[in-house]
Structure formats: structure tokens, C-alpha cells
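Let us walk through a protein chain step by step. Keep the sequence and the 3D view side by side as you read.

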Amino acid sequence: LMLLEQAAAIPSFEARAQRRRGQVLAARGDYAGALPALRKALELEPGDEPLREYLQSVERLARLFERR
């Protein structure tokens, strides 16, 4: 994750690094932690529909696990 954070500081890699960071956090079960990175990636690439759908899925999981 640290390397992804460093890559996100490079403008040409920022969107991909944010997306990957969010995916890693979600894969670890940290859905709430994944959301800021995924939202930033979508902000940088607003036309990325698969990313938008993935973000929506992670948002649903975050809400589901928040209730527990």
C-alpha cells in the first residue's frame, strides 16, 4: 500500500494507483477504507463505468458491514 500511495503522488499514475489501492483494501475486507481511494480514482476518470460499478459494490459492502 505504501508504494501505491507514492505512485499516487505522480500525476500520470494517480488514477491507477488510487484504483489499485482501493481494490487492495477492499480485498482485505476494509471496505470503508477503500472508498476514498476509489472515489478519487473515479473523480480522476469519471467516464470509467466499470470503476463506477465497482465503487457502488464496495459502498454496498461498506454499509452492510457497518451495521454489524
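What radius of gyration does the protein chain have, and what would a compact globule with 68 residues have? The protein chain has 12 Å. A compact globule with 68 residues would have a value near 11 Å, so the two agree. Bear in mind that this is a predicted model. Its mean pLDDT is 92, and 99% of the residues reach 70 or more. Confidence is not even along the chain. Helix H1, residues 2-8, has the lowest confidence, with a mean of 76. H3 has the highest, at 97.

Now take in the overall layout. The protein chain has four helices and zero strands. Read along the sequence, the pattern is α-α-α-α. The C-alpha atoms fill a box of roughly 40 × 25 × 15 Å along the principal axes. Of the 68 residues, 31% count as buried. The accessible surface comes to about 4,600 Å², and carbon and sulfur atoms make up 54% of that. Contacts also link distant parts of the sequence. Among contacts with a separation of 6 or more, 34% join residues 24 or more positions apart.

Next, look inside. Which residues form the largest nonpolar core? There are twelve: Leu25, Ala26, Tyr31, Ala34, Leu35, Leu38, Ala41, Leu42, Leu51, Leu55, Val58 and Ala62. Three helices each give two or more residues to this core: H2 (14-27), H3 (31-44) and H4 (49-66). H3 gives the most, with six residues.

Turn to H2. It has 14 residues, which should span 20 Å at 1.5 Å a residue. Its end C-alpha atoms are 20 Å apart, so the span agrees. The buried residues of H2 are Glu14, Ala15, Ala17, Gln18, Arg19, Gly22, Leu25 and Ala26. Their cover includes H1, H3 and H4. Look at the spacing of buried positions with one rule in mind. An α-helix has 3.6 residues a turn, so residues three or four places apart point the same way.

One residue of H2 deserves a closer look. Is arginine 19 buried or exposed? Arginine 19 is buried, because its relative accessible area is 19% and the cut-off for buried is under 20%. Arginine 19 lies in helix H2. Setting aside neighbours within four places in sequence, arginine 19 is in contact with Leu38, Ala41, Asp48, Pro50 and Leu51.

Follow the chain onward. After H2 comes glycine 29, whose phi is positive, near 90°. Aspartate 30 lies in the loop between H2 and H3. With a relative accessible area of 35%, aspartate 30 is partly exposed. Now find glutamate 66. Aspartate 30 and glutamate 66 are 36 residues apart in sequence, yet their C-alpha atoms are 11 Å apart in space.

H3 comes next. It has 14 residues and reaches 20 Å from its first C-alpha to its last, close to the 20 Å expected at 1.5 Å a residue. Which residues of H3 are buried? They are Tyr31, Ala34, Leu35, Ala37, Leu38, Ala41 and Leu42. These buried residues pack against H2 and H4.

Now move to the loop between H3 and H4, where aspartate 48 lies. Aspartate 48 counts as buried, at 16% relative accessibility. What does aspartate 48 touch, leaving aside neighbours within four places in sequence? Aspartate 48 is in contact with Arg19 and Leu42. So we meet arginine 19 again, since its own contacts include Asp48.

Leucine 51 belongs to the largest nonpolar core. Not counting residues up to four places away in sequence, leucine 51 touches Arg19, Leu38, Ala41 and Leu42. Of these partners, Leu38, Ala41 and Leu42 are listed in the core too.

End with H4, which holds arginine 60. Arginine 60 is partly exposed, with a relative accessible area of 47%. The C-alpha atoms of arginine 60 and alanine 27 are separated by 14 Å, and these two residues are 33 residues apart along the chain.

Conventions
Residues are numbered from 1 along each chain as its sequence is written. This is a predicted model: local features need pLDDT of at least 70, side-chain atom pairs count only at pLDDT 80 or more; totals for chains, interfaces and linings use all residues. Side-chain values use heavy atoms; hydrogens and water are left out. A nonpolar core is a set of buried Ala, Val, Leu, Ile, Met, Phe, Trp, Tyr and Cys residues joined through side-chain atoms within 4.5 Å. Buried means under 20% relative accessible area, exposed over 50%, partly exposed in between (1.4 Å probe, protein chains only). Contact means heavy atoms within 4.5 Å. pLDDT is the predictor's confidence in each residue, from 0 to 100. The radius of gyration is taken over C-alpha atoms; the globule rule is 2.2 Å times the number of residues to the power 0.38. Accessible areas come from the Shrake-Rupley method with a 1.4 Å probe; for residues, only the protein chains shown count as cover. The expected span of a helix is 1.5 Å times one less than its number of residues.
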